[in-house]
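Trainee: I should like a close look at one part of this model, namely how its domains are laid out and what lies within and beyond them. Would you take me through it in one connected account?

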Amino acid sequence: MSDQIALQVHNITKRFPGVLANDSVDFTLKKGEIHALLGENGAGKSTLMNVIYGLYTPDEGEILLNTNHGTNGLQRVNIETPHDAIRYGIGMVHQHFMLVPVFTVAENMILGDEVTRGPSLDLRTARRQIRQLSEDYGLEVDPNAVVEDLSVGVQQRVEILKALYREARILVLDEPTAVLTPQEVEDLFKVMHQLTDRGVSIIFITHKLKEVLAIADEITVMRRGKVVGNTTPSDTDEHGLAAMMVGRDVILWIDKEPAHPADVVLSVKNLNVKDDRDVLTVRDLSFEVKAGEILGIAGVQGNGQTELVEALTGLREIEGGSIYLNDQELPAVNPRALVEMGVAHIPEDRHKHGLVLPYTISDNTVLNTYYQPPFAKGLQRDQKAVLENSEKLIQQFDVRTPSALLPTSNLSGGNQQKVIVARELGRPISLLIANQPTRGLDVGSIEYIHSQIVHRRDKGIAVLLVSAELDEILSLSDRISVMYHGEMVATVDAEDASREELGLWMAGSHEDEDHDAEKENQIPVEQS
Amino acid sequence: MTTMATAHDSLTGEILRKFSRWMVWIVFGLAALIAVIVGYIIDPRVTAAVLASAVRQSTPLVLGAMCGLIGERSGVINIGIEGQMLLAAFIGFLVNVWTGNLLFAVSAGVLTGALLGALLAFMSVTLMIDQIIGGSVINILALGLTGYFYTAGLTTKGKLAPIALGPLAKIPLVGPVLFDNPPITYATIILVFVVHYVLFHTKWGLRTRAVGEHPRAADTVGVNVYFMRYVNVIIGGGFAGLAGAFLTLEAVGSFERAMTNGRGFVALAVMIFGKWTPLGSWGAALLFGLASAVQTQLQFGGKVDIPHQFIGILPYLLTIVVLAGFGGRARPPAADGVPYKKE
C-alpha cells in the first residue's frame with residue numbers, strides 16, 4: 001500500500017424517480033489497498049459502483065483517476081459505458097456472475113476484447129495468455145473448462161481473471177463472499193492479498209462486519225445514499241460498524257435466557273430423502289426438537305438441508321424413515337395438513353416459495369389460511385376480515401409499507417421477509433421451521449427477525465433453524481447440529497460449540513481419523 | 001501435475017461430448033449412404049432425380065432455419081419467417097415482372113426480407129413487444145399484403161436456370177445432385193458454411209452467442225446488445241428473403257397466394273432439430289427434403305399402389321419419428337426471446 005491515490009470520486013449525486021440513491025458522495029481509493037465499502041441494502045453502495053463502472057451516469061459530481069503509473073497526477077475522466085471503465089483499468093466482479101455458462105473459460109475471458117488472427121478467433125493464443133495470467137497471480141484455472149461445470153468459487157476466480165485480463169488496476173468486488181463457503185472465503189482473501197501485493201487496488205463491497213474487520217485496510221460506511229464515516233479496522237469493532245451502518249445501536253448477539261426444553265415436538269427417525277436428480281441427499285437422519293428450544297442445523301449450502309426442510313414441511317416425498325409431530329406421524333406430502341397441525345415454515349427462497357410477489361401484502365398474509373373462517377365464508381372470501389387481519393399483522397410485525405394493498409414486490413427484501421414472518425408466526429403454532437430466515441437482509445431486519453424467533457422459543461414453541469451463516473447459528477441456537485453430505489456429523493450444546501470446530505465439521509473433517517478416511521473418499525452419489 | 005491432469009480430462013470429455021453429439025448424424029449418414037448405393041444400383045436415373053430434388057427442396061428450409069437460428073442465437077425468436085419468405089417471394093416476383101432482371105428481382109426479395117427483419121428487431125428489441133406477437137404481426141401483414149395486391153395472370157420473365165459446373169457435373173450421381181443446380185441453391189450451400197464459420201469461429205459469432213445466452217454479461221464487457229440483435233435479425237431476414245426469392249424465381253417461376261405453405265414454420269422445426277447450428281440444420285433440412293422428394297417420386301412414379309394421402313404423410317411422419325427418437329436434448333439459447341433492458 002502506498003499513499004498514491006488510485007481513484008477519487010467527488011460529490012457524486014445520483015437520483016432515481018423518488019429516490020436519492022447517492023447524495024454528494026466522496027470516496028478515495030489508495031493504490032494497493034483493500035477498501036471496504038460497507039452499508040445496508042439500499043444504502044447506495046451498488047449505485048456508486050455502477051457509476052464508477054459506467055453503468056449509471058451520475059447527475060452531479062466527477063471521477064478522478066490516476067491515469068499514469070509514475071506521478072501522482074489525478075485526471076478527471078468521463079466514464080459513460082463499461083467499455084470506458086475497462087479502458088481506464090477498472091474491473092468489476094458482480095455479485096451475480098457475468099459469465100456465459102455454456103462458454104469455456106477462455107471464451108468468457110476474451111468476450112468483448114477478442115484475440116483474433118485474420119477474421120478468426122485465436123483461442124490458442126488466448127489460452128496461453130490465460131495460463132500465463134493465472135500463473136502470474138496464482139489463480140489456477142483451466143481455460144478449456146466450460147463455466148457451468150465449475151464450482152462457484154472457481155467461477156469467481158474466472159471473473160477476477162477476466163478483469164485482470166483486461167489489465168484492471170482497480171478491482172470492484174460486489175458482495176463476493178455471499179455465495180462462498182467459509183473455506184472459499186479464506187481462499188478469496190488470500191487472492192485479494194496477492195492482488196494488492198502486485199499493486200492492484202480493491203474496493204470490497206459487503207455488509208458482513210467480520211469480513212471487513214478481517215481484510216480491509218480502510219473502511220467507508222454508507223447509509224441512505226450518504227457516506228457516514230471513514231475508519232480502519234484497528235479503530236473500530238463490530239458494534240461500532242453496525243451502529244454506523246444502521247444509525248443506532250444494534251444488538252448483534254441476541255441476549256437470551258437459558259432454554260427450558262419441555263416435551264418432544266418434532267421427532268425424525270432414520271429419514272432418507274432424494275433430491276430432484278434422484279440422488280439421496282438426506283441419509284438416515286435422526287433428531288428431535290423439544291418445545292422451547294432452538295435446534296440449529298449448520299452446514300454449507302447443498303448438503304441436504306433444502307431437501308430435509310422440504311420433507312419436513314410436506315413439500316417432498318420421503319424415501320424412508322418417519323417424521324412425528326407431537327407423537328403423530330406426519331401424512332405424506334400434504335403441506336396443508338401440516339399447516340393445520342401447527343407447523344410454520346419460513347422458506348429458504350422468499351421469492352420462489354415464500355410469497356406471490358404480484359399479490360398484495362394483504363393477500364400474502366393469508367396464503368395458508370385463506371380458505372378457513374374468518375377469511376372465507378363458504379365459497380366467498382371475506383375481504384374485510386383479510387384486510388383487518390393483515391393490518392393488524394403489519395402493525396405487530398413492523399412491516400414498513402404505506403398500505404396493506406400494495407403489491408408485495410414493492411417492498412424491500414427485509415420487509416418482504418417480515419410479511420412471511422408475520423404470516424407464519426401470527427397464528428397458533430407448535431413448530432417453527434426457519435430455513436435461512438435472514439439471507440440477504442440488512443442488519444436491522446436481521447435483528448428483528450432473530451428477536452421474533454427467540455421470542456417464540458420462550459413461549460414454548462419448538463424451533464428448527466437451518467442456516468449456512470455460522471453467526472446466525474451460534475447466536476440463536478440452544479443445540480447445534482452440523483450437516484455434511486446429508487448426514488448429521490455432530491450435535492453439540494451451543495455453549496460448548498466453537499466457531500473453528502463447527503467450521504471444520506462443515507468442511508467434512510472429523511476428529512476420529514479411521515472413520516474419517518472412509519468418509520473423505522465417499523462421494524455423494526445415489527445409493528439404492 | 002494437477003493442471004495437466006484436469007486439462008487432459010476436460011479434453012477427453014470434450015471429444016466424447018462432441019462424438020456423442022455427432023453420433024446421430026454418423027448413424028444417419030451411413031444409413032442414407034447405404035440407401036443411396038442400393039437405390040443407385042437398382043435405378044440410377046430415379047435415384048439421382050430424387051436426390052437432386054431433395055437438395056432443392058431443402059434450400060428454402062435451410063435458409064429459413066438459418067434466419068431463425070441467427071436470430072435466436074442473439075436472443076430474438078423469429079416466428080415471422082413464413083411472412084418474410086412470402087412477402088419476399090411476392091416482391092421478388094413483381095420486380096421480375098416489371099424489370100425482367102433476375103438479379104434485381106432476387107436482390108429485391110432479399111431486401112424485403114431484411115426490411116421485415118428490421119421491423120421485427122424494432123418491435124422486439126426497441127419496443128420490447130412479446131416476440132411471438134411481433135412475429136405473428138409479420139406473418140399476418142405478409143399474408144394480407146400479398147393477398148390484396150396479388151393480380152392473377154401476371155407472367156414471369158424467366159426464372160433462374162441450373163448452371164452445370166463443367167466436369168464436376170459429369171461425375172456419376174454426385175454431379176447431377178450437387179453440381180448442376182440453380183444459383184440460389186449453390187449460394188445456400190456456401191452460406192451454410194459461411195454462417196457456421198462466422199457463428200463459431202469469429203468475434204462476431206462469439207458476441208452473437210454471448211448476447212443470446214447472457215446479454216448482461218456481454219453488456220458489462222462493452223458489447224452492444226441492441227446492435228448485435230438488430231444486425232443479426234436483419235441479416236436473418238435477408239436469408240428468409242432469399243428463401244422467398246428461391247420459391248418464385250428459382251423453383252416455381254410464378255407467385256401464388258400463400259405459396260410458402262408453412263415452410264417458414266417447418267424451418268423452425270429444422271432449426272430445433274439441427275440444434276441451432278447451421279450444419280445441423282442443413283442435415284435436418286436435407287432429411288426433410290429427401291422425405292418430400294421420396295414422397296413425390298412414390299406418388300408420381302406409379303410403382304406402388306397406396307392412396308396418395310398416405311404417401312403424403314411421409315415427410316411429417318419422419319419429422320415426428322426423428323424429433324421424438326433422435327432429437328436428443330436440445331437446449332435453446334438461455335436468453336432466447338427475452339428482451340434486454342439496461343438497468
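Mentor: The domain bounds used here come from an automatic or database domain assignment. The model is predicted. For chain A, the assignment gives domain 1 as residues 5-246 and domain 2 as the segments 268-473, 480-491 and 500-506. Between the C-alpha centres of domain 1 and domain 2 of chain A there are 35 Å. The two are nevertheless in contact, with nine residues of domain 1 of chain A meeting eight residues of domain 2 of chain A. On the domain 1 side of chain A, the largest share, three residues, is supplied by helix α8 (residues 238-246) of chain A. That side of domain 1 comprises four nonpolar, four polar and one charged residues.

Within chain A, strand β3 (residues 34-39) is a useful place to begin. Six of its six residues are buried, so β3(A) is largely enclosed by the rest of the structure. The burial applies to both faces: A:Ile34, A:Ala36 and A:Leu38 point one way, A:His35, A:Leu37 and A:Gly39 point the other way, and all are buried. Strands of a sheet pair through backbone hydrogen bonds, either parallel or antiparallel. For β3(A), the pairing with strand β10 (residues 201-206) of chain A is parallel and has five bridges. There, A:Ile202 of β10(A) stands opposite A:Ile34. Strand β11 (residues 218-223) of chain A also pairs with β3(A) in the parallel sense, over five bridges. In that pairing A:Leu37 has A:Thr220 of β11(A) as its bridge partner.

Another sheet of chain A is an open one of six strands, in the order β18-β21-β22-β15-β23-β24, with mixed pairing. Its edges are β18 (343-346) and β24 (487-493) of chain A; each has a single partner strand, so one side of each is left without a neighbour in the sheet. From one strand to the next, the twist averages 15°. At the β18(A) edge, four bridges join that strand to β21 (residues 431-435) of chain A in the parallel sense. A:Ile433 of β21(A) is the residue opposite A:His345.

Helices are laid over this sheet. Helix α15 (residues 443-458) of chain A lies across β15 (294-298), β21 and β22 (462-467) of chain A, and runs at about 150° to β22(A). Helix α17 (residues 499-506) of chain A crosses β15, β23 (479-484) and β24 of chain A, at about 30° to β23(A).

Helix α9 (residues 305-312) of chain A resembles β3(A) in its burial: eight of the eight residues of α9(A) are buried, as are six of the six in β3(A). The buried residues of α9(A) run from A:Gln305, A:Thr306, A:Glu307 and A:Leu308 to A:Val309, A:Glu310, A:Ala311 and A:Leu312. Just after α9(A), A:Gly314 has a positive phi of about 75°.

Beyond the domains of chain A comes the contact with chain B, to which each of the two chains gives 23 residues. On the chain A side, the elements giving two or more residues are α2 (82-87) and β8 (120-121) of chain A, and α2(A) provides the largest share, three residues. By class, the chain A side has 11 nonpolar, seven polar and five charged residues.

Chain B itself has 13 helices and two strands. Of its 343 residues, 45% count as buried. Among contacts in chain B with a separation of 6 or more, 76% join residues 24 or more positions apart.

Two packed helices are described by the angle between their axes and the distance between the axes. In chain B, helix α2 (residues 44-73) and helix α8 (residues 203-213) pack at an angle of about 70°, with axes 7 Å apart. This makes α2(B) roughly perpendicular to α8(B). The contact is formed by B:Ile70, B:Glu72 and B:Arg73 of α2(B) together with B:Thr208, B:Arg209 and B:Gly212 of α8(B). Its residues divide into one nonpolar, two polar and three charged.

Lastly, B:Ala164 belongs to strand β1 (residues 163-164) of chain B. It has 13 C-beta neighbours inside 10 Å and therefore counts as partly exposed. Leaving aside residues up to four places away in sequence, B:Ala164 touches B:Ala169, B:Phe179 and B:Asp180.

Key: Residues numbered from 1 in each chain as written. Chains lettered and ligands numbered in written order. Predicted model: local features only at pLDDT ≥ 70, side-chain atom pairs only at ≥ 80, totals over all residues. Contact = placed C-beta atoms within 7 Å. Nonpolar A, V, L, I, M, F, W, Y, C, P; charged D, E, K, R; others polar. Buried ≥ 20, exposed ≤ 12 C-beta atoms within 10 Å, placed from the backbone. Axes fitted to C-alpha atoms, helices over the stretch in contact; angles between N-to-C directions. Parallel < 35°, antiparallel > 145°, perpendicular 65-115°, else oblique. Pairing = 2+ DSSP bridges.
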